[in-house]
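Visitor: I would like a close look at a single part of this protein, set against the rest of the chain. Please take the time to connect the details to one another.

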Amino acid sequence: MNHLDKKCWICGKEETIPFKCRFCGKTFCSRHRLPEQHACEGLEEVKKNGSYSGSPGYGTNVNDDLFKDALKSTAKYAAKSAVKGVGSNIKYSMKSSPAMAIIYLCIFSFVLQLFVPGYMQLFQLVPAWILQGRHLWTLVTHMFIHSGFTHLFFNMLILFFFGPELERRAGKKIFMYVYFTAGLVAAIAYTLTSSSPYTPVVGASGAIMGVFAALAIIAPDIRVYVYFIPMQITHALVLFVLLDFFLLGSNDMIAHTAHLSGALVGLLMGSRIKRAQIRYNYDNTYYRYRR
């Protein structure tokens, strides 16, 4: 807005934030901002065309309209800002943490399960189909499918706490390597050992068990809560493994073989990662000592 655009058309007064009439489009000061205060030609034209119904209380109606417009604009801006803020946070989390990206993808996938017919059937793992060489993509995609909200909630809750922790201690690429290797091995193990080959399996439990086991090897002193009981992460892992082992062969609709296989992968990979970290720290210490 230039210098002339800030001057009132009636009195010539210049204001920092002038008012622009929505009927005639001219600029006015606060004293002449209402249409009846500057004999608005635009409003008269609107009245003639019949798109505005005048009334004795016209001044009040205009004030009400201006107030409503301001409220609408403010509410629209606030809504856009909120959505933009949430979107920015999600985008940042997905870029900065692979674990958080997996969590958001699983949530998005669960929403699609609810509203897209056939979505779950397309991506769930059926052992018989894998043995027949069909739907091989489900060896990976089943990790993003969950049987219900409770299944999704507890899997993502565990991944939320322990996934970023493994990223911090071992690196993002190592986390991804552990997660998907454990999930893939768990799927293959379940496929080869399932007594009900046409019963589908879904969920990220095998992959999450791999992350949990790897973290237990790398940082065994971490304290966790299992059913509100504090214990070291290694003790919690032993408890989970024993529980899955004793429930093998039960008909509780839980893929215990997948859990155990994922945990085994996590233990092996965690041991390898820890040895590499010890060697790296030793080499750095030796190099600093020689210098």
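Visitor: To begin with the setting, what percentage of the residues of the protein chain count as buried? After that, please look closely at helix H7, where Phe153 is placed.

Guide: This is a predicted model, and within it 36% of the 291 residues of the protein chain count as buried. The chain has 11 helices and four strands, and its accessible surface comes to about 18400 Å², of which 63% belongs to carbon and sulfur atoms. Among contacts between residues at least 6 apart in sequence, 59% join residues at least 24 apart.

Helix H7 covers residues 149–170, and two kinds of side-chain feature can be followed along it, one involving aromatic rings and the other involving charged groups. To take the rings to begin with, Phe153 has its place in helix H7, and the ring of Phe153 pairs with the ring of Phe154, the two centres being 5.3 Å apart. The planes of these two rings stand at 80°, and because planes over 60 degrees apart count as edge-to-face, the pair of Phe153 and Phe154 is given that description. Neither ring belongs to a buried residue: Phe153 is partly exposed, with a relative accessible area of 40%, and Phe154 is likewise partly exposed, at 48%. Both residues also contribute to a nonpolar surface patch of about 640 Å², which is made by Phe149, Phe153, Phe154, Leu157, Phe160 and Phe161. The edge-to-face pair of Phe153 and Phe154 therefore involves two members of that patch.

The charged groups bring us to Glu165, which lies in helix H7 together with Arg168, three residues apart, or about one turn of the helix. The side chains of Glu165 and Arg168 meet in a salt bridge, with 2.7 Å from N to O. Glu165 also meets the side chain of Arg169 in a salt bridge, again with 2.7 Å from N to O, and here the two residues are four apart in helix H7, which is also about one turn. Salt bridges that share partners thus join Glu165, Arg168 and Arg169 into one network. The structure holds two salt bridges, and the general background is that side chains of opposite charge can pair when their charged atoms come close. The two arginines fall into separate classes of accessibility: Arg168 is exposed, with a relative accessible area of 58%, while Arg169 is partly exposed, at 33%. The reason lies in the cut-off, because a residue has to be over 50% to count as exposed.

Some features elsewhere in the chain help to place these details. A search of the whole structure finds 10 aromatic pairs, and the pair of Phe153 and Phe154, at 5.3 Å between ring centres, is one that can be set beside another. The rings of Phe245 and Phe246 have their centres 5.9 Å apart and their planes at 70°, so this pair too is edge-to-face, and Phe246 is exposed, with a relative accessible area of 65%. Ring pairs also link Phe144, Phe175, Tyr179 and Phe180 into a cluster.

For a helix with much of its length covered, one can turn to H9, which takes in residues 205–218. Helix H9 has 13 of its 14 residues buried, and from its first C-alpha to its last it reaches 20 Å, close to the 20 Å expected at 1.5 Å a residue. A buried position outside the helices is that of Gln124, in the loop between helix H4 (119–123) and helix H5 (127–131). Gln124 has a relative accessible area of 11%, and, leaving out residues up to four places away in sequence, it touches Thr138, His142, Pro200, Val201 and Val202.

A strand offers a further point of reference, since Tyr225, placed in strand E3 (residues 223–226), counts as exposed at 63% relative accessibility. Tyr225 and Ala236 are 11 residues apart in sequence, and their C-alpha atoms are 8.4 Å apart in space.

To return to helix H7, the picture has two parts: Phe153 and Phe154 form an edge-to-face pair and belong to the nonpolar surface patch, while Glu165, Arg168 and Arg169 are joined into one salt-bridge network.

Definitions and conventions: Residues are numbered from 1 along each chain as its sequence is written. Side-chain values use heavy atoms; hydrogens and water are left out. The expected span of a helix is 1.5 Å times one less than its number of residues. Buried means under 20% relative accessible area, exposed over 50%, partly exposed in between (1.4 Å probe, protein chains only). Rings of Phe, Tyr and Trp (its six-membered ring) pair if their centres lie within 6.5 Å; planes under 30 degrees apart count as stacked, over 60 as edge-to-face and the rest as tilted. Contact means heavy atoms within 4.5 Å. Accessible areas come from the Shrake-Rupley method with a 1.4 Å probe; for residues, only the protein chains shown count as cover. A salt bridge is a side-chain nitrogen of Lys or Arg within 4 Å of a carboxyl oxygen of Asp or Glu. Patches are made of residues with over 30% relative accessible area and no salt bridge: like charges are joined within 9 Å, nonpolar side chains (Val, Leu, Ile, Met, Phe, Trp, Tyr) within 5 Å.
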